[in-house]
Amino acid sequence: MSRDRKQASLRHRVAEARAPLEFASMLAAFPWLARGRRGDGHAVVVLPGYLAGDGSTVPLRSFLSMRGFRPLGWGAGRNPGFTSAIFGAVSELVRARAADTNRPVGLVGWSLGGVYAREIARRSPESVRCVVTLGSPIQVDERTRQAPPVPCTAIFSATDGVVAPYWAQERNGQRSENIEVPASHFGLGYNPLVLHAIADRLLQDPNAWEPFRAKGPTARLYRADRPITR
């Protein structure tokens, strides 16, 4: 396996500086983003990336609220890496919210937050509606490479300057998929193409799940259902 497929290139690391432009494009695209079908009000827990906290996911959660979901942060402070204490606390948050609302919770995990999201879904699938990961290193650990038993969508970028796409894709499965978008790692939570795809996936009925199919003038900017190659 070539080294460049497993590590982000220097060119892509430098290109992470485009993240503020993605934030600006989100603001410009809000009229388009707001036109989509509204959610049914189910809860969505958004998990931040490494060394980030709930402040980093405010724009994403604001968008989800605008689209009719009930988003909330993970409430665990900054993400220091995977710890059993945080895993237990966030798992309990997800289970409690599912019990309070009497329906499973959507999970959206950015970078390392996606690793947490998949493991919560693996341990408590009855409480989780679906998992969406954003540039998450989900294939690093051999023990957890297989998707949990809920619909799983991995959104990744071939130009990610932090997590190479080799590590960020789901294995093919009946209810797992990959969506490639042109984005930086630090802009994944703001990129309008990513936001649109997240809302689309959260709108899916988990009992009648279908893979992502981009439509309209932006369809050519997505590449969906690309298999992992080893």
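Helix 7 gives the largest share of the lining of the largest pocket, with four residues. Keep in mind that this is a predicted model. The pocket holds about 420 Å³ of space, while the largest cavity holds about 60 Å³. Helix 7 also packs on an open sheet of seven strands, so to speak linking the topics below.

**The largest pocket**

- In total, 20 residues line the largest pocket.
- Which residues lie nearest the centre of the largest pocket? They are His196, Asp200, Phe212, Arg213 and Lys215.
- Two elements, helix 3 (19-33) and helix 7, give two or more residues each to the lining of this pocket.
- If you're thinking about the chemistry of the wall, the lining splits by class into eight nonpolar, eight charged and four polar residues.

**The sheet and the helix on it**

- The strands of the open sheet run in the order 2-1-3-4-5-6-7, and their pairing is mixed.
- Strand 2 (70-73) and strand 7 (223-224) are the edge strands, each of them pairing on one side only.
- Helix 7, residues 192-202, packs on this sheet and touches strand 1, strand 3, strand 4, strand 5 and strand 6 (176-180).
- The direction of helix 7 makes about 165 degrees with that of strand 4.
- Strand 1 (residues 43-47) pairs with strand 3 (residues 105-110) in the parallel sense, and four bridges join the two.
- For a handle on that pairing, look at Leu47, whose bridge partner in strand 3 is Gly109.

**The largest cavity**

- How many cavities of 30 Å³ or more does the model have? The count comes to one.
- Its space is about 60 Å³.
- Strand 4 (128-134) and strand 5 (152-156) each supply at least two residues of the lining of the largest cavity.
- Strand 4 gives the most to that lining, with four residues.
- The lining includes Arg129, Cys130, Val131 and Val132, and also Pro151, Cys152 and Thr153.
- Further along the chain, Arg201, Gln204, Pro206 and Trp209 line the cavity as well.
- By class, the cavity lining has seven nonpolar residues, along with two polar and two charged ones.

Methods:
Residues are numbered from 1 along each chain as its sequence is written. This is a predicted model: local features need pLDDT of at least 70, side-chain atom pairs count only at pLDDT 80 or more; totals for chains, interfaces and linings use all residues. Side-chain values use heavy atoms; hydrogens and water are left out. On a 1 Å grid over the protein atoms alone, a cavity is a set of points where a 1.4 Å probe fits but cannot get out, and a pocket is an open set with protein on both sides within 12 Å along at least five of seven lines; lining residues have an atom within 4 Å of a point. Grid points are joined across faces, edges and corners, and a volume is the space filled by probe spheres set on the points. Ala, Val, Leu, Ile, Met, Phe, Trp, Tyr, Cys and Pro count as nonpolar, Asp, Glu, Lys and Arg as charged, and the others, Gly among them, as polar. Two strands pair if DSSP finds at least two bridges between them. Contact means heavy atoms within 4.5 Å. Axes are lines fitted to C-alpha atoms, for helices over the stretch in contact, and angles run from 0 to 180 degrees between N-to-C directions.
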